[in-house]
Amino acid sequence: MKTLFGELADGTKVSSWSLENGGTRLKVLDYGGIVQSLEIPDRHGRYANVSLGFDTVEDYVAGSPYFGALIGRYGNRLAKGRFTLDGESHQLPVNDGENSLHGGTDGFDRRVWDVEPFTDGRDAGLRLRLTSADGEMGYPGTLAVRVTYTLTGDGDWRIDYEATTDKPTVVNLTSHVYWNLAGEGSGSVHDHELQIAASRYLPVDAGLIPTGESADVTGTPFDFREAKAVGRDLRVAHEQLLYCKGVDHNYVLDKGRTDRPEHVATLRDPASGRTLRITTTEPGLQFYSGNFLDGTLVGSGGRVYRQGDALCLETQHFPDSPNQPSFPSTVLRPGQTYRTTTVHTFGR
Ligand code: BGC
C-alpha cells in the first residue's frame, strides 16, 4: 500500500510503501529507499519497530545519519575522496573531514527512487530503480541500479542489489539500518548478544580509513566469534576503539565472497527474544556500534537517540578498496553486472 509521506523543499512528493508478509511489517520510502520502520514480534507475539528512523521527510533531509537508507555509489569511506581507475584520477566531494563517506554529499540515500510493488508466489516486495548519471558525485559512468526488497513467506527480509555501467567505475552498495531489537527508542543495545563469523578485521587510522593491514581478533575487544554482549568490551582501552568511540570497523568475513548468501552474523536481544540472522554473498561486514548518536535526534517514536541506542551491520566490500590494492576489487566494467544479496532472518 502506498501513502503520501511528505514533500521535499522543491515540491517532490515522497511516498511510503507498507508491506506485510510472514509476520514481518516493513515501511519503505521512495526517498533514499529508506526503511522507515520494520516491525517484528517478540516471544509473546508483541510487535516493535526495531529500526531507528524519523516520522517526517524534513527530519531525514535535515540530518539523518543514514537511518535505514540505501547507500551508494560507495559504502563507507574513500580516502581524501579520491581514487584512480585505469590511470585516470577521480575527485569526489568530501563530506567526512577530508574523506568521502557513503557516496558523498548527495548519495543514493538522498535520491528519490522509482518503486514498483510485486508479488511472486509466497513472496511480496518492492523493486527500486535509480539511474545515476555519468559524473554524478564525481563517479565515472552512468550507473543503472536496481535494488529488490523482498519479504518472503517466512518473514525474511531479502535485499538483492544489481548495477550496470557504461564506463569502468567502482561500486559498493549496502543498507544502513540501525537495529535495536528491543524497539527503537527503548535505550541501549549493549545487552544485545552479537556473533560475527570473522577472525580478522581492518584496523583504521584516526580518519577511520583502513590502514591496509588486517588484524587477528583473538584476545581483542573485536572478537565476536562466540556470541557476547555488544557492550562487554566497549570500555577496554584499545586504540582502535578510541579512534571510533567504539566499534566502527569492517570485519573480514571468514567465508569470503560467495555465490550464495552464507551466515555471517547473529544479533539477539535476550529480554524480548527477538533475533536477527544475517546471510550474505559479500566478503565484508561493517559493525558500527552507534557511536556518533549523541542525544540530538528525536526518533520516530518521539524518544531521543543516544550513543549505543542501535547498531549497524552493513554487508559490503571493504572501505577504501579502490585505493587498497590488497582488498577485493570493487571495479565494475561495461558488460558486467554487479550482483549481491543479503538476507535478514528474524526469530524469537
Ligand atoms: C560508518 C560510521 C558513520 C555511520 C553513520 C557507518 O557506516 O562506518 O563511521 O558514522 O555510518 O554515518
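These legends accompany several close-up views of a predicted model. Local features are reported at pLDDT of at least 70 and side-chain atom pairs at pLDDT 80 or more, while totals for chains, interfaces and linings use all residues. Numbering starts from 1 along each chain as its sequence is written, and side-chain values use heavy atoms, with hydrogens and water left out.

**View 1. The ligand and its shell.** Welcome to the ligand, which has 13 residues around it (near means a heavy atom within 4 Å). Asn76, Arg77, His176, Asp248 and Glu314 are the closest. Sorted by class, this shell holds six nonpolar, four polar and three charged residues; Ala, Val, Leu, Ile, Met, Phe, Trp, Tyr, Cys and Pro count as nonpolar, Asp, Glu, Lys and Arg as charged, and the others, Gly among them, as polar.

**View 2. Polar contacts to the ligand.** Look here for pairs of N or O atoms within 3.5 Å. The side chain of Arg77 places an N or O atom 2.7 Å from a ligand oxygen, and for Glu314 the corresponding distance is 2.8 Å. Gln286 contributes a polar side-chain atom 3.3 Å from an oxygen of the ligand. On its own the ligand has 310 Å² of accessible area, and the protein covers 93% of that (Shrake-Rupley method, 1.4 Å probe). The ligand takes up the space of the largest pocket. A pocket is an open set of points on a 1 Å grid over the protein atoms alone, where a 1.4 Å probe fits, with protein on both sides within 12 Å along at least five of seven lines; a molecule sits in one if more than half of its atoms lie within 2 Å of its grid points.

**View 3. The five-stranded sheet.** Strands here are DSSP E runs of at least two residues, numbered from the N terminus, and two strands pair if DSSP finds at least two bridges between them. This open antiparallel sheet follows the order 19-18-21-24-27. Strand 19 (215-216) and strand 27 (312-316) are at the edges with a single partner strand each, so one side of each is left without a neighbour in the sheet. Further in, five bridges link strand 21 (residues 248-252) to strand 24 (residues 284-288) in the antiparallel sense, and Tyr251 stands opposite Leu285.

**View 4. The nine-stranded sheet.** Another open sheet, also with antiparallel pairing, runs in the order 11-12-13-14-29-23-22-17-20. Its edge strands, strand 11 (114-120) and strand 20 (228-229), each pair on one side only. Strand 17 (residues 193-196) meets strand 20 through two bridges, with Glu193 partnered by Ala229.

**View 5. A hairpin and two loops.** Strand 8 (residues 82-85) and strand 9 (residues 88-91) run antiparallel, joined by four bridges; Leu85 has Glu88 as its bridge partner. Two residues lie between these strands, and Asp86 in this hairpin has a positive phi near 50 degrees. In the loop between strand 6 (69-71) and strand 7 (77-78) you will find Arg73, joined to Gly72 by a cis peptide bond with omega about 0 degrees. His102 sits in the loop between strand 10 (100-101) and strand 11; although not a glycine, His102 has a positive phi of about 50 degrees.

How values were computed
A polar contact is a pair of N or O atoms within 3.5 Å; within protein, one must be able to donate a hydrogen and the other to accept it, and residues adjacent in sequence count only if both atoms are side-chain atoms. On a 1 Å grid over the protein atoms alone, a cavity is a set of points where a 1.4 Å probe fits but cannot get out, and a pocket is an open set with protein on both sides within 12 Å along at least five of seven lines; lining residues have an atom within 4 Å of a point.
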